Amino acid sequence: MRILASDPVAEKGLNILREEGFIVDEKIKLSEEELIKIIPQYDALIVRSETKVTARIIEAAENLKIIGRAGVGVDNIDLAAASKKGIIVVNSPEGNTIAAAEHTIALMMALLRNIPQAHAALKAGKWLRKEFTGYELRGKTVGIIGLGRIGTAVAKRVKAFETRVIGYDPFISEERAQMLGITLMPLEELLQNADIVTMHLPLNNETRNLINRERLKLMKKSAFIINCARGGIIDEEALYEALKAGEIAGAALDVFAKEPLTESPLFELQNVIVTPHLGASTKEAQINVAIDVAREIANVLKGGLAQNAVNFPAMDKESYQRLKPYINLAEKLGNFLAQILSGGLLAAEIVYNGLAFKEETRPLTLAALKGLLDPLLMEKVNYVNAPVVAKERGIKVRETVMENGADYTNLITLKVTTEKGERIIAGTLFRNNEPRIVQIDQYRVDVVPEGYKLFVPHKDQPLMIGRVGLILGEKGINIAGMQLGRLTPGGDAVMVLSLDHPADGDSIKAIAEIPGIYEVKAVSL
Ligand SMILES: NC(=O)C1=CN([C@@H]2O[C@H](COP(=O)(O)OP(=O)(O)OC[C@H]3O[C@@H](n4cnc5c(N)ncnc54)[C@H](O)[C@@H]3O)[C@@H](O)[C@H]2O)C=CC1
Ligand SMILES: O=C(O)C(=O)COP(=O)(O)O
């Protein structure tokens, strides 16, 4: 399989992929058209922030299974397009946290002490001292917007400078803020109180131009603002005007609305210092992020699940190990049901009974949906696009979780409604995580969800098994196992045969013609 790195990525990461037997091409600074042309050859794409992975590129990516973002921000990737196409997007959420936090501190100190300006002046032959008198950090109030990984790492570090830290993040709790020693407050209040404001939140539709003209006006005239998160969070035009008018004291910017950026009115202002998106550019961070995404890509291309997928529920290693057999079971249940269904699919409900499902069920639901939808549809369905595909087709998906209430300690039941009625399948794990289908429709069974099956509802009467066995036997198809389920003697019953080879069309037809056989469905798991 082939992997393309379209931005500079540390060799240590790429070598992991080469050692795993993948072919890795490094081609940087490609245009959108160039990428569209070559992307069909690739199974995985690795990017940093420079490559814009547009919907057009994703559309052309016939073989792409995963996009690895060697860093945090995925705003350069069209996530909706990737999800729709079933392409997993992974990032490295922690690999560059320290690099970005330290760069923020570096910018903060440089800004307060005029280091870039003094450096430039002296190198130009000017020994200026009075002009470059700065400020101390001690005793100042630092306002952090976005208290995620980088925001909290910055908080920890500025505290060592004896500052007071205030924060704004609508998604963190008061308890967590207290634990970090940060006073939470509304954004407007933070802007009014901070001597230094620093941004550490993602760019999205809610945060674009979060710091606009009105909000900049709330800041103290003596205040500084730093953006080491994403360009576009601060309105650059409004910032220019605020700085020019002396409404705030200065700004340090590592990121810009449009990158690369080599000319900007902001660059002409003495109280603005800039770096070209260097937050994550340390040797250490680049090795960390490259290794993280390489491991994810290798794992996913070998059929595993991603742990840091942005468009798939994230799972830590432990949860993944624990849930993996259930994920496989859920997928098999969906798959089995898909192969015995008739009529258009209207709704799917997945019911989880048992403590195994107390914490996390989302990956199981996605697996059940994938198993259910993939055999029914022309397009490829996987864990990532399964909900999108279901939604697009108007299939209602419901999830119910109950701590107990079933005959098995942990049971997954998939109920689907089609135009022709309702069908049910349920499964559990036996000892040693052995998967079993324990119910199909109203019948109790004990079927290993593996290999070739024949699902044969019939009337409970003598000779049924014998005649089915004879037809298959005459074709040299060996029956490896058989399960019978019936409601009442002489009533409706079901046979689930496990075969060593798939049954051919003629045998299936011949079985279907036996009086008392209601239907015959071949299932391959
Ligand atoms: N300059 C650079 O080279 C680098 C920039 N970054 C950027 O830094 C930013 C932060 O990264 P991490 O801390 O790793 O992410 P994170 O996901 O750990 O933290 C982001 C925080 O922002 C908060 N948030 C979301 N919407 C918000 C809103 N409307 N107002 C206030 N807070 C909000 C979230 O609740 C979360 O706590 C990202 O934009 C990332 O792309 C990251 C690494 C390097
Ligand atoms: O990780 C992030 O979000 C970054 O902004 C780092 O960007 P980069 O990988 O250095 O292009």
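This report describes the domains, nonpolar cores, two selected residues and two ligand sites of a predicted model.

## Domain organisation

The protein chain of this predicted model is divided into three parts: domain 1 (2–95 + 284–302), domain 2 (135–274) and domain 3 (452–524). Domain 1 is thus assigned in two segments of the chain, 2–95 and 284–302. Taken over C-alpha atoms, the centres of domain 1 and domain 2 are 31 Å apart.

## Nonpolar cores

The largest nonpolar core comprises 77 residues. Within this core, the residues with the most contacts are Ile3, Leu17, Ile46, Phe336, Leu364, Ile412 and Ile440. Helix H13, spanning residues 317–340, contributes the most to the core, with eleven residues. Because domain 1 (2–95 + 284–302) and domain 3 (452–524) both supply residues to this core, it lies between them.

Ile46 illustrates the packing. Leaving aside neighbours within four places in sequence, Ile46 is in contact with Ile3, Leu4, Ala5, Ser6, Asp7, Val9, Leu14 and Leu17, and also with Gly68, Ala70, Val293 and Ile297. A second core, separate from the largest one, has 31 residues, among them Leu191, Leu203, Met219 and Leu266.

## Two residues in contrasting settings

Ser83 belongs to helix H4, which covers residues 79–84. Its relative accessibility is 13%, under the 20% limit, and Ser83 therefore counts as buried. The side chain of Ser83 makes a polar contact of 3.3 Å with the side chain of Asn311. When neighbours within four places in sequence are set aside, the contacts of Ser83 are Asn311, Val384, Asn385 and Val388.

Asn404 is located in the loop between strand E14 (396–402) and strand E15 (411–418). With a relative accessible area of 58%, over the 50% limit, Asn404 is classed as exposed. Asn404 touches Asn353 and Gly354, not counting residues up to four places away in sequence. Asn404 and Gly354 are 50 residues apart along the chain, yet their C-alpha atoms are separated by 4.6 Å.

## Ligand 1 site

Ligand 1 is surrounded by 25 residues, of which Arg149, Ile150, Asp169, Leu201 and Asp254 come nearest. Both side-chain and backbone atoms of the protein lie at polar distances from this ligand. A polar side-chain atom of Asp254 is 2.9 Å from a nitrogen atom of ligand 1. A polar backbone atom of Cys228 lies 3.0 Å from a nitrogen atom of the ligand, and a polar backbone atom of Gly279 lies 3.3 Å from an oxygen atom of the ligand. Ligand 1 exposes 860 Å² when taken alone, and the protein buries 87% of that area.

## Ligand 2 site

The residues around ligand 2 are Arg48, Ser49, Arg69, Ala70, Gly71, Val72, Gly73, Asn96, Arg230, His277 and Ala280. Ala70, listed here, is also among the contacts of Ile46.

Three side chains have polar atoms paired with oxygen atoms of ligand 2. For Ser49, the distance from a polar side-chain atom to an oxygen atom of the ligand is 2.5 Å. An N or O atom in the side chain of Arg48 lies 2.8 Å from an oxygen atom of ligand 2, and for the side chain of Asn96 the corresponding distance is 2.8 Å. On its own, ligand 2 has 310 Å² of accessible area, and the protein covers 91% of it.

Terms used. Residues numbered from 1 in each chain as written. Chains lettered and ligands numbered in written order. Predicted model: local features only at pLDDT ≥ 70, side-chain atom pairs only at ≥ 80, totals over all residues. Heavy atoms only, no water. Domains from an automatic or database assignment. Core = buried A, V, L, I, M, F, W, Y, C linked by side-chain atoms within 4.5 Å. Buried < 20%, exposed > 50% of the residue type's maximum accessible area, 1.4 Å probe, protein only. Helix = DSSP H or I, 4+ residues; strand = E, 2+ residues; numbered from the N terminus. Contact = heavy atoms within 4.5 Å. Polar contact = N/O pair within 3.5 Å; in protein donor to acceptor, adjacent residues only side chain to side chain. Near = heavy atom within 4 Å. Areas by Shrake-Rupley, 256 points an atom, 1.4 Å probe, with all protein chains shown as cover.
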